[in-house]
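Me: Before I rely on the terms used for this assembly, I would like to see how each of them is earned. Could you take me through the reasoning, term by term?

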Amino acid sequence: MKLQPLNDRVLVKRLESEEKTAGGLYIPDTAKEKPSKGEVVAAGPGKLADDGKRVALAVKAGDSVLFNKYAGTEIKIDGVEHLVMREDDILAIIS
Amino acid sequence: MKLQPLNDRVLVKRLESEEKTAGGLYIPDTAKEKPSKGEVVAAGPGKLADDGKRVALAVKAGDSVLFNKYAGTEIKIDGVEHLVMREDDILAIIS
Amino acid sequence: MKLQPLNDRVLVKRLESEEKTAGGLYIPDTAKEKPSKGEVVAAGPGKLADDGKRVALAVKAGDSVLFNKYAGTEIKIDGVEHLVMREDDILAIIS
Amino acid sequence: MKLQPLNDRVLVKRLESEEKTAGGLYIPDTAKEKPSKGEVVAAGPGKLADDGKRVALAVKAGDSVLFNKYAGTEIKIDGVEHLVMREDDILAIIS
Amino acid sequence: MKLQPLNDRVLVKRLESEEKTAGGLYIPDTAKEKPSKGEVVAAGPGKLADDGKRVALAVKAGDSVLFNKYAGTEIKIDGVEHLVMREDDILAIIS
Amino acid sequence: MKLQPLNDRVLVKRLESEEKTAGGLYIPDTAKEKPSKGEVVAAGPGKLADDGKRVALAVKAGDSVLFNKYAGTEIKIDGVEHLVMREDDILAIIS
Amino acid sequence: MKLQPLNDRVLVKRLESEEKTAGGLYIPDTAKEKPSKGEVVAAGPGKLADDGKRVALAVKAGDSVLFNKYAGTEIKIDGVEHLVMREDDILAIIS
């Protein structure tokens, strides 16, 4: 299955699994959320402005990115955890 | 019954049924929602901008799509489950 | 009584009554809302943009439409149930 | 007392009193709100857009209108109940 | 103390005191709020649009106005109750 | 420490301390909030519009201002209480 | 690990640790939040406007800044606490 994200959405392969407690609940070690790391697998064509033009995204396939841990919608592709999120949920590119 | 979605709405035939428990409640296996798959049956003419122009949709009839599980309004057409949703609820095109 | 809806509002004659339980409460058979069918009786002149131009509506009198069940404000005209709703509450035109 | 509504506000004389229970609480006969009827007494000069132009209102003094029952702010003028509401709370013109 | 309201704010001298119960709580006689009367003492230079232009206000010093009872921030000037409110909280000019 | 507020933010030295009860809770004498007085110490360069232009602020260093009591973020500079707030939290200039 | 923040995001190294109680909860000494100090390590290229142009940020690497204590997402870089936040969470530049 190959996915082409729509508009300003981005498909990201998660590089770090979420820590969970035995009971399945996530226990953050502080009140602050820590971001997750991932790799951009596919980026949408950009946000569609009202005048019909697209505003290109700032990330592209292959970028390593930091994103908000609870961002996006999970989907398994060939058994590997991916997320479809809006580019706005991506905090930074890791280089 | 043939449906022509308005503006930025899309008619989608659901390809995977929702998993439900015996009692009818949906039990997600994690806190994260998983998306559903479907096929676009009809797409609206596009979002109507304030200047009266339409911004064409990025999906078209025949596209296989991934959409948020709880998106849209259900409607049965000839006994088959369909959904009318906004294009913004579609995450990606599956190819 | 004849009604001319304002701006982006639409007057719709409901074609299907809502199912209700004996006690008057509506019991949906799933968590998802199903839409209602109706016939457009009168459509407003269109949404008034900030520059004073009107953006014409996509529906017109005589259209059969599907709309969100809880949309609009009820009004009886000559004893028949009608609804005044915004065009945005109309999901699709039925043909 | 004569009132000139500001911007997109409209002064409406209510034509039908609200039904109330003996205890003063309003009991709707269904979950749906029914609109009220009124007569436009004075209409504002129109909404002021960011470029300083006014977008004229669609209603004018003398129009019979249907409006959301809970819209607006009540004011008595010469002992008669009036409401100052935004034009957007008016659903339709009655003719 | 002389006050020059900023942008779209207006300084209003209240002409009618709020009715209060002995215990200090306001008891409205219906569920609907009634507006208050006041006199505009000073009006701001107008709302600052994103392009740096000001959209002039529709009220001016000396106008008698009707405003939402709970609008604005109270301030005593020379022992007299005044309110600083946004023009949008003013319903109508009384003439 | 010298502070240059960003964009539409303003640094204000509070001129009147908040009244507090012995227990540390603020007890307003009416349900209405009263504004505080302060002196503008530094004003940001203005709000940055989407086209990259700045919309200059209406207040400048030295202005005596009235602001919403709970506006802004407190910071002590050389032991003196200051607040960094958005210009929109300033109600009026005192002259 | 080097981070390039996206759009209007900024990477900030926190200069002052948050005060915490023994039990791990933060106890503010007043109801007002105090801001934190930090140093900008990297700034995004600017907010992407709908017309595809970027609006440059007002802060740059090396700036000492004051920011809202609860702003942003924490990330440790080489064991040092950093935050990725939107520029709008930065109150002022310290000079």
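What follows is an exchange about strand pairing, burial and the interfaces between chains.

Me: What kind of model is this?

Reply: This is a predicted model, and side-chain atom pairs were counted only at pLDDT 80 or more.

Me: Why is strand 2 of chain B described as largely enclosed?

Reply: A residue is called buried when its relative accessible area is under 20%. Five of the six residues of strand 2 of chain B, which covers residues 9–14, are buried, so this strand is largely enclosed by the rest of the structure.

Me: What makes strand 2 and strand 8 of chain B a pair?

Reply: Pairing requires at least two bridges between the strands, and five bridges join strand 2 of chain B to strand 8 of chain B (residues 80–86), so the requirement is met. The two strands run antiparallel, and B:Arg9 has B:Arg86 in strand 8 as its bridge partner.

Me: Which residue of strand 3 of chain B stands opposite B:Val10, and how many bridges pair strand 2 with strand 3?

Reply: B:Val10 stands opposite B:Ala43 of strand 3. Strand 3 of chain B, residues 36–43, pairs with strand 2 of chain B in the antiparallel sense over five bridges, which again satisfies the threshold of at least two, so the term pair applies.

Me: How do you know that a strand of chain A pairs with a strand of chain B?

Reply: Three bridges in the antiparallel sense link strand 1 of chain A to strand 9 of chain B (residues 90–94); at least two are needed, so these strands count as paired. A:Leu3 stands opposite B:Ile94 in strand 9 of chain B.

Me: Why is the contact between A:Arg86 and B:Asp88 called a salt bridge?

Reply: The term asks for a side-chain nitrogen of Lys or Arg within 4 Å of a carboxyl oxygen of Asp or Glu. The side chains of A:Arg86 and B:Asp88 meet at 2.9 Å, N to O, so the pair qualifies. Across the interface of chain A and chain B, one salt bridge is found, together with seven residue pairs in polar contact. On the side of chain A that touches chain B, the elements giving two or more residues are strand 1, strand 2, strand 7 and strand 8 of chain A. By class, that side has 11 nonpolar, five polar and 10 charged residues.

Me: What is the extent of the interface between chain A and chain B, in residues and in buried area?

Reply: Here 26 residues of chain A are in contact with 21 residues of chain B. The area buried between these chains is about 1800 Å², of which carbon and sulfur atoms give 57%. In chain A, the residues losing the most area to chain B are A:Leu6, A:Thr73 and A:Glu74, together 30% of what that side buries.

Me: What makes C:Arg86 and D:Asp88 a salt bridge?

Reply: Their closest N and O atoms are 2.9 Å apart, and the limit is 4 Å, so the name is justified. One salt bridge is found across the interface of chain C and chain D, where seven residue pairs are in polar contact.

Me: How many bridges pair strand 1 of chain C with strand 9 of chain D?

Reply: Strand 1 of chain C and strand 9 of chain D, residues 90–94, pair in the antiparallel sense over three bridges, and C:Gln4 stands opposite D:Ile93.

Technical notes
Residues numbered from 1 in each chain as written. Chains lettered and ligands numbered in written order. Predicted model: local features only at pLDDT ≥ 70, side-chain atom pairs only at ≥ 80, totals over all residues. Heavy atoms only, no water. Buried < 20%, exposed > 50% of the residue type's maximum accessible area, 1.4 Å probe, protein only. Helix = DSSP H or I, 4+ residues; strand = E, 2+ residues; numbered from the N terminus. Polar contact = N/O pair within 3.5 Å; in protein donor to acceptor, adjacent residues only side chain to side chain. Contact = heavy atoms within 4.5 Å. Buried area = accessible area lost by both parts, 1.4 Å probe. Nonpolar A, V, L, I, M, F, W, Y, C, P; charged D, E, K, R; others polar.
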